[in-house]
Amino acid sequence: MPHVAAAVLEQGSPGARVPVPAAARRVPAPEPIRRPRGTGAGEPWRQAGADLAVFVVLWLAAGAAWHDALTGAGLTAVALAGVGLYRPRLHLSVLDDIPRLLLGIGAVTPLAVWFTLPVATFEAAIVLWPLVVLAAIVPARAFVYAWLYQRRRLLPGDRTLIVGSGDVALRLAEVLRADRAYGIRPIGLVGPPALTAETLPAPLLGHVDDLAGIVALHRPDCVIVAFPGGPDADLIGVIRQWRRSGVTVYVVPRLFELAVPAAGAELVQGIALERMRPDRMRGLYAAAKRAIDVTGAALGLAVAGPILVACAVAVRLESGRAGVLFRQQRIGRDGRPFTILKFRSLTPATDRESQVRWNISTDDRVGPVGRLLRNTSLDELPQLINVLRGDMSLVGPRPERPYFVEQFAHMYGGYADRHRAAAGITGWAQIHGLRGDTSIADRVRYDNYYIENWSVALDLKIMVRTVGALLGLARRWR
């Protein structure tokens, strides 16, 4: 039996006469954390501002005009940001920064000097000036780091919840409570009663089963996950919710004693902490994705205009009075319902059939025009209008009907997490062959991978692969 048909039959298929829910369960976006002023959230901006000031002074001292000084300093600061020197960190060290400083300065500074300084020989641009910039920025950063450490010790620190109560969690709580230079203040542990310590370094606030309520009550700035016990899969959904609300999440990697964590991990008295990236579907990232969607949808409608007209005429001739566009309710970002638009390939006998019929690819009622549109995906071109409206994105998880969302949310872990992102016309799962009657569990994994790793480059890759698949070039562009 096909994947999806079997899954639906287990929970109640159309033939089983299971009532259709009025609407899918809506999953609202979590309320964002509003950090008090004076926490470590602004440290990267302070570092960037100090570096920029040093660069401007250097360029002005070399005789550059003020606009050239701003250009050269700005390009160098952008290069340092590109190599990760303005990422939030627990441990600040100029010696650790030197390899990245050499990479960032060496990559951009010669070009910036060549175009901005009034007299710049090739040797000065390539060799001398990068050394001057490095010699100036190292002591400046050492001074800024010393100031930031002192500032951390004078501030309360980020309120931090440690999920776990074993030896690693207790050791982290002890170190972070004793040394305020990390900028983290443990407010409690979550887990079973600790058996190895008579006196806990932080109060035990409850069991992992009560984690959602504990976080909602104490509203921490940070959460450290340190081997709480139980399946890791049980924590994935709540960690995703924390990141969406702005909570900083650190994870102690398993087997960290063997140097398993990546190079970006930070050490707290020999215990590695991996800082998880903030949610990619918020802030500037979301604005960039929306800009790509609007531009791409507008261009797509303009270029595909003649094709849209031809499809509409063909559908009209085949469907008669049924109408050219087929409208159906789907579930989008944060569980919001919207009406999706497609060229009509079949007129359902009843509204219920439209809501609960999974696949019509073998339906004899689909005519030649409808079958051609479905086989070539031309029936989905009107969804570009959904993108312009803001209901959908060009790339994202495929939207589903409320009936099936309700079914799959109970059957597959992580299915509801797909709604962190706007639904898409194409997506990471689709270009890997997961469309139609294929595994929902696999789609969930691919969709959540896409959301966790979203980037402009990934969206462009998916769009190129989609066009390639339509042109029969998918195998060449993998």
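Start by selecting D334: this residue is buried, with a relative accessible area of 5% (buried means under 20% relative accessible area, exposed over 50%, and partly exposed in between, using a 1.4 Å probe and protein chains only). Before you click on, know that this is a predicted model, where local features need pLDDT of at least 70, side-chain atom pairs count only at pLDDT 80 or more, and totals for chains, interfaces and linings use all residues. Residues are numbered from 1 along each chain as its sequence is written, and side-chain values use heavy atoms, with hydrogens and water left out.

**Around D334**

Now add R244 to your selection. Its side chain meets that of D334 in a salt bridge, 2.9 Å from N to O (a salt bridge is a side-chain nitrogen of Lys or Arg within 4 Å of a carboxyl oxygen of Asp or Glu). R244 sits in helix α8 (residues 233-244) and D334 in the loop between β8 (325-331) and β9, so the pair ties together parts that are 90 residues apart in sequence. Helices (H or I, at least four residues) and strands (E, at least two) are DSSP runs, numbered from the N terminus. Both R244 and D334 are buried.

Next, pick R336. D334 forms a salt bridge with R336 too, with the closest N and O atoms 3.5 Å apart. Is R336 buried or exposed? Neither, because R336 has a relative accessible area of 42%, which makes it partly exposed.

**Along strand β9**

Jump to K342, which is found in strand β9 (residues 337-343). K342 counts as buried because its relative accessible area is 12%. What touches it? Leaving aside neighbours within four places in sequence, K342 is in contact with V324, L325, F326, D379, E380, P382 and Q383 (contact means heavy atoms within 4.5 Å).

**Another bridge, then a network**

Select D447 and R418, whose side chains meet in a salt bridge of 2.8 Å, N to O. This pair links distant parts of the chain: D447 is in helix α16 and R418 in the loop between α14 (402-411) and β11, 29 residues apart. Both D447 and R418 are buried. Then light up R240, R243, D417, R420 and E452, which are joined into one network by salt bridges that share partners. The structure holds 17 salt bridges.

**Helix α17**

Colour residues 456-470 to see helix α17: it has 15 residues and reaches 21 Å from its first C-alpha to its last, close to the 21 Å expected at 1.5 Å a residue (the expected span is 1.5 Å times one less than the number of residues). Which residues of α17 are buried? They are L458, D459, I462, R465 and G468. Their cover includes α9 (283-303), β10 (392-395), β11 (423-426), α15 (428-431) and α16 (440-452).

**Stretches from the record**

UniProt, in an unreviewed entry, lists residues 53-86, 98-120, 126-149 and 291-315 as "transmembrane region"; annotations like this may be inferred rather than shown by experiment. Select 126-149: the chain there is 100% helix and 0% strand, with end C-alpha atoms 35 Å apart. Over 291-315 you get 96% helix and 0% strand, and the end C-alpha atoms are 32 Å apart.

**Zoom out**

Finally, show the whole protein chain, with its 17 helices and eleven strands. Buried residues make up 45% of its 478 residues. Among contacts between residues at least 6 apart in sequence, 72% join residues at least 24 apart.
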